[in-house]
Each structure stands twice: as structure tokens, then as C-alpha cells.
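Please walk me through this structure, starting from a single side chain and moving outward.

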Amino acid sequence: CALPVVAGAVDGFKEVMQDGQTGYLAIPESVTDLADKLEKLVVSPDLREQMGAAGRKNVMQRFEWDRCVTKMEQVLEKTAQRKGADS
């Protein structure tokens, strides 16, 4: 959607996001940190646009359909090889 993200700095988000580039990672359970990071985006349309575009580019590069299919094929092949060796 080309929108910046503000999320808790927890597993999953930390691996996908680039703090300060594609959005902000807030300290978990810190309402103040979350509010501060949201405020930065609310007051700066240019920052929102820049981070949103960077986030979209990141997702399109890392999670492109063909790349995901290739990775899934590799996982399935390895699994099938292990199953064959276990038989």
C-alpha cells in the first residue's frame, strides 16, 4: 500500500522492517514511544511518503511472487529428500 508502518520491535516486524527507513519500530509496551513515532509521521507528509515508498520497494523485492515460489519449491524438495532418506 506504500504506507509507512509503526509496529512493536518484536520478532517478525524486526526482520521485515528497517527502522527509520520503512517505518518505525516502537519499544514494546511503551505507549509514549509509540505515540512519539506516530506523531513524527502525522506532522510530516514527506516523511510518510518517503517511508511508504521505501517499504513498498522492500516488500516487492523481498517477497516477489517468483522468488517466493522458488523458495517454497526448495523447501519442498528438501523435505521430500529427507522423507525419502527416512523410508
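Which polar atom lies 2.7 Å from the backbone oxygen of Leu-25? It belongs to the side chain of Lys-37. The model is a predicted one, and Lys-37 is a useful place to begin reading it.

Lys-37 sits in helix 2, which covers residues 31-42. Its relative accessible area is 13%, and because the limit for buried is under 20%, Lys-37 counts as buried. Leaving aside residues up to four places away in sequence, Lys-37 touches Val-6, Tyr-24, Leu-25 and Ala-26. Leu-25 therefore appears twice in the account of Lys-37: among the residues that Lys-37 touches, and as the owner of the backbone oxygen 2.7 Å from a polar atom of the lysine side chain.

The side chain of Lys-37 also has a charged partner. Side chains of opposite charge can pair when their charged atoms come close. Here Lys-37 and Asp-33 meet through their side chains in a salt bridge, with 3.3 Å from N to O. Why are these two residues about one helical turn apart? They are separated by 4 residues within helix 2, which means about one turn of the helix. Asp-33 has a relative accessibility of 14% and so counts as buried, and Lys-37, at 13%, is buried as well.

How many salt bridges does a search of the whole structure find? The search finds 2. Besides the one between Lys-37 and Asp-33, there is a salt bridge between the side chains of Asp-11 and Lys-14, at 3.9 Å from N to O. The accessibility of this pair can be read residue by residue. Asp-11 is exposed, because its relative accessible area is 64%, whereas Lys-14 is partly exposed, because its relative accessibility is 43%.

Helix 2 also holds Leu-34. With 34% relative accessibility, Leu-34 counts as partly exposed. Not counting residues up to four places away in sequence, Leu-34 touches Val-6 and Ala-26; both of these residues are also on the contact list of Lys-37. Leu-34 can be placed against Ala-7 too: the two are 27 residues apart along the chain, and their C-alpha atoms are separated by 7.9 Å.

One further lysine is described by its position relative to an aromatic ring. Lys-40 lies over the face of Tyr-24, 5.3 Å from the ring centre. Tyr-24 is also one of the residues that Lys-37 touches. As for rings paired with other rings, the count of aromatic pairs is 0.

The backbone is the last topic. Most residues other than glycine have a negative phi. Which residue before strand 1 has a positive phi? Ala-2, which is not a glycine, has a positive phi of about 60 degrees, and its place is in the segment before strand 1, residues 5-8. Ala-2 is partly exposed, because its relative accessibility is 34%. Glu-29 is another residue other than glycine with a positive phi, in this case near 65 degrees. Glu-29 is found in the loop between strand 2, residues 23-26, and helix 2. Its relative accessibility is 83%, so Glu-29 counts as exposed.

Notes. Residues are numbered from 1 along each chain as its sequence is written. This is a predicted model: local features need pLDDT of at least 70, side-chain atom pairs count only at pLDDT 80 or more; totals for chains, interfaces and linings use all residues. Side-chain values use heavy atoms; hydrogens and water are left out. Buried means under 20% relative accessible area, exposed over 50%, partly exposed in between (1.4 Å probe, protein chains only). A polar contact is a pair of N or O atoms within 3.5 Å; within protein, one must be able to donate a hydrogen and the other to accept it, and residues adjacent in sequence count only if both atoms are side-chain atoms. Contact means heavy atoms within 4.5 Å. A salt bridge is a side-chain nitrogen of Lys or Arg within 4 Å of a carboxyl oxygen of Asp or Glu. Rings of Phe, Tyr and Trp (its six-membered ring) pair if their centres lie within 6.5 Å; planes under 30 degrees apart count as stacked, over 60 as edge-to-face and the rest as tilted. A charge sits over a ring if NZ of Lys or CZ of Arg is within 6 Å of the ring centre and within 35 degrees of the ring normal.
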